[in-house]
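User: I am new to this structure and would like the reasoning behind the terms used for it. Please set each value against its cut-off.

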Amino acid sequence: YSPGMQISMFGQLSGLGDGSPIDATVEFLTLLRDEGFGRVWMSQLPYEPDLLTVLAVALHEVDRIEVASGVVPIQNVHPMLMAQRALTLNLACGGRFLLGLGMTHAAVTEGMWGIPWDRPVRRLGEYLDGLLPLLAGEAADAPGQTVTTRGALMIPGAPRPDVYIAALGPQLLRLAGRRTSGTCTWMTGPQTLRGHVSPTLRQAAADAGRPEDAVRVVAALPVAVTDDVDGARAQAAEQFAVYGTLPSYRAMLEREGYDGPADAAIIGDEATVRDRLDDVRAAGVDEFVAAPFDSSPEGRARTRALLRDYAPDN
């Protein structure tokens, strides 16, 4: 149970408008900062501008608010380059960046990049072997079967970002619990968070001798505060349909007993959404990342108002 569940927001570059993604990100972060939100998680899709480059500009322009990548794929970025980019970004923004990493999906890794998707646990473990020392200002000496990292960086004064792993299966959750700041989930409901994600992550941290508060469960879900529940459900079914076809998310939906992604979305009036957020909080979630998907600005503003009211101390 997380009595003080943090409420954060979700955004993606391709959803911010048709103009400059950098200007749109500055505007987006400014709005959320001024409304009182403390953190935003932003995704990196394969066809979008480079998220970390955009954030280096945007966070230099917009103060106070933090941004986490949710998530940057690891397969097409060497650990040393990832460390360079993350540390340089944190120099630009005074340490307000959190590095969320993930394995993306076989359709992207193999289909678009020609990089094997096999051995995900080894691949991610060897990636962390090279990345984590570099982020801590130390030299890396990490020969591996999937990636090798040797050497050191010279980026003085760069704050070390917390590292989160998009982990859903038990082996990756255990890896995240042993070695990172936690996990960030998507399309994962409260029963699965309570019975699978949270205990697996926290037990792995405990087994590694880490303190109880060393790891955090970050859970992201679509949200719409609305009186048109059927209309919002239909929109969610269409907008998020792809997540019902990707094996990792399909497994989480089936574990929860959901027919599809629309069932994972939190939809209803203020009282209904508040009750659903209580369920998420009771599932051991430390930080809830809301992805408002209402097609109207007024609807998204209503959703943000409820979220601010739910957790006024973000």
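User: What is the handedness of the crossing of helix 5 and helix 6?

Analyst: In this predicted model, helix 5 and helix 6 cross in a right-handed way. The two are helix 5 (residues 120-135) and helix 6 (residues 170-179), and their axes lie 10 Å apart.

User: What makes helix 5 roughly parallel to helix 6?

Analyst: The angle between them is about 15°. Angles under 35 degrees count as roughly parallel, so helix 5 is roughly parallel to helix 6.

User: Which residues meet where helix 5 and helix 6 pack?

Analyst: From helix 5 they include Leu124, Leu128 and Leu132, and from helix 6 they include Leu172, Leu175 and Arg179. Gly125 and Asp129 of helix 5 also take part, as does Gln171 of helix 6.

User: Why do Arg304 and Glu35 count as a salt bridge?

Analyst: The closest N and O atoms of Arg304 and Glu35 are 2.7 Å apart. The cut-off is 4 Å between a side-chain nitrogen of Lys or Arg and a carboxyl oxygen of Asp or Glu, so the pair qualifies. Arg304 belongs to helix 12 (residues 297-310) and Glu35 to helix 1 (residues 21-35), so the bridge ties together parts 269 residues apart in sequence. By this rule the structure has 20 salt bridges.

User: Why is Arg304 called buried, but Glu35 partly exposed?

Analyst: Buried means under 20% relative accessible area. Arg304 has 12%, so the term buried applies. Glu35 has 23%, and values between 20% and 50% are called partly exposed.

User: How do you know that Glu287 and Arg39 form a salt bridge?

Analyst: Their closest N and O atoms are 2.8 Å apart, and the limit is 4 Å. Glu287 is in strand 12 (residues 287-292) and Arg39 is in strand 2 (residues 39-43), so this pair ties together parts that are 248 residues apart in sequence. Glu287, at 0% relative accessibility, is buried, and so is Arg39, at 10%.

User: What separates Arg250 and Glu254 in helix 9?

Analyst: Arg250 and Glu254 are four residues apart in helix 9 (residues 247-256), which means about one helical turn lies between them. Their side chains form a salt bridge at 3.3 Å, N to O. Arg250 is partly exposed at 22%. Glu254 has 53% relative accessibility, and exposed means over 50%, so Glu254 is exposed.

User: Which residues are joined into one network by salt bridges that share partners?

Analyst: The network consists of Arg33, Asp34, Asp63 and Arg64.

User: What makes Thr303 buried?

Analyst: Thr303, in helix 12, has a relative accessible area of 0%. That is under the 20% cut-off, so Thr303 is buried. A polar atom of the Thr303 side chain lies 2.9 Å from the backbone nitrogen of Val225. Leaving aside neighbours within four places in sequence, Thr303 is in contact with Val223, Ala224, Val225 and Pro292.

User: Where is Tyr258 found, and why is this residue called buried?

Analyst: Tyr258 sits in the loop between helix 9 and helix 10 (261-264). Its relative accessibility is 17%; buried means under 20%, so the term fits Tyr258. Not counting residues up to four places away in sequence, Tyr258 touches several residues, among them Gly189, Pro190, Arg250 and Arg276.

Conventions
Residues numbered from 1 in each chain as written. Predicted model: local features only at pLDDT ≥ 70, side-chain atom pairs only at ≥ 80, totals over all residues. Heavy atoms only, no water. Buried < 20%, exposed > 50% of the residue type's maximum accessible area, 1.4 Å probe, protein only. Polar contact = N/O pair within 3.5 Å; in protein donor to acceptor, adjacent residues only side chain to side chain. Contact = heavy atoms within 4.5 Å. Axes fitted to C-alpha atoms, helices over the stretch in contact; angles between N-to-C directions. Parallel < 35°, antiparallel > 145°, perpendicular 65-115°, else oblique. Left-handed = near helix turned anticlockwise from the far one by under 90°.
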